[in-house]
Structures are given as C-alpha cells and as structure tokens.
Amino acid sequence: MKTPIIIDTDPGIDDVIAITAALFAEELDVKLITTVGGNVGIENTTNNAVNLVDFLGKDTPVAKGADQPLLNKLVSATKVHGESGVGGYHFETKEDSVLLSSKHAVEELRDAILHSNEPVTLVPIGPLTNIALLLKMYPEVKRNIKEIVLMGGAVKGGNRTPVAEFNMFVDPHAAKIVFDELINIVMCGLDVTLQTRISTDDVKEIEGYGKVGEMVSQMLSYYDSPSSTETEMSIHDLCTIIYLTRPELFGLKRATVNVVTEGEASGCTITHYNEEGHVQVVLDVDVEEFRREFIATFKKVHEILGN
C-alpha cells in the first residue's frame, strides 16, 4: 500500500531532486504538488514544478500558492539556486500546461486531503505559508492528516542566520502556527540534512543516468549552498523523501518545538526534548546508506524512463 503524500515546495534545486525521487518512489503516491514563494518567487517556483512534472512524464497536478509570507517580506535564495531557481538548467516550457490548477493551492490542499480515502502525509520542503493558511482556514482537514514530514528548522545553529534555518526564517509566523498545532510532525532540520552529504563523485555517477541524471548534475554544478565544499554538498530536501521510504536509516528524538517570530532570533526553532511532545526531531542518519539511496534512486528513474 502506497503512502499518499502532498508536496508543498519552492523549487529550488534540492526541491527538484526531492520531487523527482518522490514521483518515482514505489512506496509513495504523490497526490498533489503545491508551490510557495521561497527559494525564488512564486512564478518561478510554480513554473519549475510544472516543467519538472512534464519533463518526467508524470501527470501529478500542481497548484500555485502563497507568493509572500504571512507578515514579512519575501527573502529568497537566488545566490544558492539561481534567478530561475534551477541554476543554469533550462526546461522546455509548455504553454498552458494542463497540470496547473486554476484554484489556489490552499483550496486544492483542502480538497485533496478531505477527499482522500486514507490519511495524507504532508511534505512541506519550503516556507510553511500554505500549510499555516490551510490549518487556519480549514481546520477540518486535521482529521485526515496522518503527519507532516517537513524540511526545516534546527536544534543547533542556522544557515540563514546564526540561529535560523532558511525555511523557518522566511516565514516564522507560519512556522509557529504549524508547530503549535497538535499534529504529528517529523522535523528534518539542519541537524540531519547537513550530515547527508553527496560527493562530487556521486554526482558524476548520476550524470550518466540519462536525461534526468544530466538534469540533476547540471543543477548541482550550480548549487551554491552555504554548506557546500569543493567535494561535497547537502541535498537538504531529499531527506524528507528518503525518511518516508527508508525510515530505518534515521534516528529521532521526541520534542516540543517553539518558533521565534520576532527580533534577531526570528526563525529559530527552540527545541525541548520531552516524551509529551508531538514533534519527532530527526538527528541522525546512516550517511553512507543515504548516499547509496541517492544514487540508486536516479539509476531507477533512468531504467524506468529508458532515456
């Protein structure tokens, strides 16, 4: 039985990699992809999502969501992902793609969750604006959400400020709304994503796996993450998908997470470990097995597509 998931995303190079892995994972059924302003603006994140799904030959619907955080002005990450969000890579664009919904992402999220025969897992890998709006506007969806597996936050340190991870920093008010809800959350933050380092040799191997391998290697050649070195890089968002397909690779600890919304510490996720918490913080990973899974994923995609 496949796990029904919805990916909320701001593609973004590592988002593209995570979405591709999810769409070809035997364990997952991607019901919907919703977009949010984050790594780049909403028009680019939406175009990237639609173009990627078209490129992969899939028919997963895409819905455009919030273009700005709830209260703050949008802060993007074009230095890391390029002005378009996908580095120097260029998708062949299709005018008026049938994949793109005419409804707002929050409406599509509500419908997809309420109409699902099984509880849905939400996988937000960008700022949490859409998810916060959903929970406030349509609280009835909570009864059919299994859990939220998100990329964001950190127990220690940050990558946008000394104490804040990027997704939390961009919309801390939305993050606080989501973490304050009594929904099961799995937080794949910097504590684990910085461990999941992919080597340049891994990327060279992926390059030989057809058009998708070429796409990934081209994007990663541009990827200028603050955590990148000359020989290794962290593919942060992919952590959520591999957690869903290979949970045995990860170590978790239960906690309560409070999000700071104002001042110099805005976006900081203050973590209190306790057995009553509804957040599972991912802290450890089998790094070598993660790297093997990264390579195996794109080898499988190549074999399926045959090009």
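Which residues of helix 11 are buried? They are Leu 238, Cys 239, Thr 240, Ile 241, Ile 242, Tyr 243, Leu 244 and Thr 245, where buried means under 20% relative accessible area with a 1.4 Å probe and protein chains only, exposed means over 50%, and partly exposed lies in between.

A note before the views: this is a predicted model, in which local features need pLDDT of at least 70 and side-chain atom pairs count only at pLDDT 80 or more, while totals for chains, interfaces and linings use all residues. Residues are numbered from 1 along each chain as its sequence is written, and side-chain values use heavy atoms, with hydrogens and water left out.

**View 1. Helix 11 in its surroundings.** This close-up shows helix 11, residues 238-245. Eight of its eight residues are buried, so the rest of the structure largely encloses this helix. Helices (H or I, at least four residues) and strands (E, at least two) are DSSP runs, numbered from the N terminus.

**View 2. Two residues of strand 1, Ile 6 and Thr 9.** Strand 1 covers residues 3-9. Ile 6 counts as buried because its relative accessibility is 1%, and Thr 9 is buried with a relative accessible area of 0%. With neighbours within four places in sequence left aside, Ile 6 is in contact with Lys 31, Leu 32, Leu 109, Ala 112, Ile 113, Val 120, Thr 121, Leu 122 and Val 123; contact means heavy atoms within 4.5 Å. Thr 9, not counting residues up to four places away in sequence, touches Asp 15, Ile 19, Ile 33, Thr 34, Thr 35, Val 36 and Ile 125. To get your bearings, the C-alpha atoms of Ile 6 and Phe 169 are 22 Å apart, with their positions 163 residues apart in sequence.

**View 3. A cis peptide bond after strand 1.** Gly 12 sits in the loop between strand 1 and helix 1. The peptide bond that runs from Pro 11 to Gly 12 is cis, with omega near -5°. For background, most peptide bonds are trans, and most residues other than glycine have a negative phi.

**View 4. Nonpolar cores.** A nonpolar core here is a set of buried Ala, Val, Leu, Ile, Met, Phe, Trp, Tyr and Cys residues joined through side-chain atoms within 4.5 Å. The largest one has 66 residues, of which Met 215, Leu 220, Phe 250 and Phe 294 touch the most other members. Helix 1 (residues 13-23) supplies the largest share of this core, eight residues. Another core, of 33 residues, lies apart from it and has Ala 105, Leu 134, Met 187 and Val 279 among its members.

**View 5. Helix 10 and what covers it.** Helix 10 spans residues 210-222. Its 13 residues should span 18 Å at 1.5 Å a residue, and the end C-alpha atoms agree with this at 19 Å apart; the expected span is 1.5 Å times one less than the number of residues. Gly 210, Val 212, Gly 213, Met 215, Val 216, Ser 217, Met 219 and Leu 220 are its buried residues. Their cover includes helix 1, helix 2 (42-55), helix 9 (200-207), strand 8 (232-234) and helix 12. Beyond its neighbours within four places in sequence, Met 215 is in contact with Val 16, Thr 20, Leu 52, Phe 55, Tyr 89 and Phe 91.

**View 6. Helix 12 against helix 10.** Helix 10 packs with helix 12 at an angle of about 140°, their axes 7 Å apart. That makes helix 10 oblique to helix 12. Axes are lines fitted to C-alpha atoms, for helices over the stretch in contact, and angles run from 0 to 180 degrees between N-to-C directions. Angles under 35 degrees count as roughly parallel, over 145 as roughly antiparallel, 65 to 115 as roughly perpendicular and the rest as oblique. Gly 210, Lys 211, Val 212, Val 216 and Leu 220 of helix 10 make the contact with Phe 294, Phe 298, Val 301, His 302 and Leu 305 of helix 12. Just after helix 12, Gly 306 takes a positive phi of about 70°.

**View 7. Helix 12 against helix 1.** The axes of these two helices come within 10 Å and cross at roughly 60°. Here Ile 17, Thr 20 and Ala 21 in helix 1 meet Phe 294, Thr 297, Phe 298 and Val 301 in helix 12.
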